[in-house]
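Welcome! Take a moment to turn the model around on your screen, and then let us walk through it together.

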Amino acid sequence: MAGEQPAPAAHPARIAAHAGVSVSSLNRRFLARTGLSAPRYLLGLRLQRVRELLERTDDPVEAIAARTGFGSSATLRPHFARLTGTTPRAYRARHRRG
């Protein structure tokens, strides 16, 4: 929320190194357990966090994009549109929790 520090971007190579496995092994294991590749799974988590922040805060979309690892709203928008069929601003207007 406001004042929250951005989480370091989770990257499959970092996760694999931490787990002591190769990236391809990590992806195979993720796919077997979740039905998704590690990058797609992580993208889904990041987009879920974007949705939560849009619903619960007044933070600018640009700040939310940076906080969730997208870097900018221009990078966030196409990913968000594929998931929701709308823009972050329109999503916020329809899903505000007060």
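Start with a hollow: the second largest pocket is lined by R40, L43, G44, L47, Q48, R51, H79, R82 and L83. A pocket here is found on a 1 Å grid over the protein atoms alone, as an open set of points where a 1.4 Å probe fits, with protein on both sides within 12 Å along at least five of seven lines; lining residues have an atom within 4 Å of a point. The volume of this pocket is about 170 Å³, where a volume is the space filled by probe spheres set on the points, and grid points are joined across faces, edges and corners.

Before going further, keep in mind that this is a predicted model, in which local features need pLDDT of at least 70 and side-chain atom pairs count only at pLDDT 80 or more, while totals for chains, interfaces and linings use all residues. Residues are numbered from 1 along each chain as its sequence is written, and side-chain values use heavy atoms, with hydrogens and water left out.

Which helix gives the most to the lining of the second largest pocket? Helix 3 does, with 6 residues. Both helix 3 (38–56) and helix 5 (73–84) supply at least two residues each. By character, the lining splits into 3 nonpolar, 3 polar and 3 charged residues. In this count, Ala, Val, Leu, Ile, Met, Phe, Trp, Tyr, Cys and Pro are nonpolar, Asp, Glu, Lys and Arg are charged, and the others, Gly among them, are polar.

Now for the whole fold. The protein chain has 6 helices and 0 strands, so from the N terminus on its elements read α-α-α-α-α-α. Helices (H or I, at least four residues) and strands (E, at least two) are DSSP runs, numbered from the N terminus. Of the 98 residues in the protein chain, 31% are buried; buried means under 20% relative accessible area, exposed means over 50%, and partly exposed lies in between (1.4 Å probe, protein chains only).

Next, look at the charged pairs. The structure holds 3 salt bridges, each a side-chain nitrogen of Lys or Arg within 4 Å of a carboxyl oxygen of Asp or Glu.

| Salt bridge | N to O distance |
|---|---|
| E52 and R49 | 3.2 Å |
| R96 and D58 | 2.8 Å |
| R67 and D59 | 2.8 Å |

E52 and R49 both belong to helix 3, 3 residues apart, which is about one turn of the helix. E52 counts as partly exposed because its relative accessibility is 23%, and R49 does so at 24%. The salt bridge of R96 with D58 links distant parts of the chain: R96 sits in the segment after helix 6 (88–95) and D58 in the loop between helix 3 and helix 4 (61–67), 38 residues apart. With a relative accessible area of 65%, D58 is exposed, while R96, at 36%, is partly exposed. Are R67 and D59 buried or exposed? Both R67 and D59 are buried.

Finally, return to helix 3, which also holds P39. P39 is partly exposed because its relative accessibility is 41%. P39 and A13 are 26 residues apart in sequence, and their C-alpha atoms are 9.9 Å apart in space. L45 lies in helix 3 too, and at 46% relative accessibility L45 counts as partly exposed.
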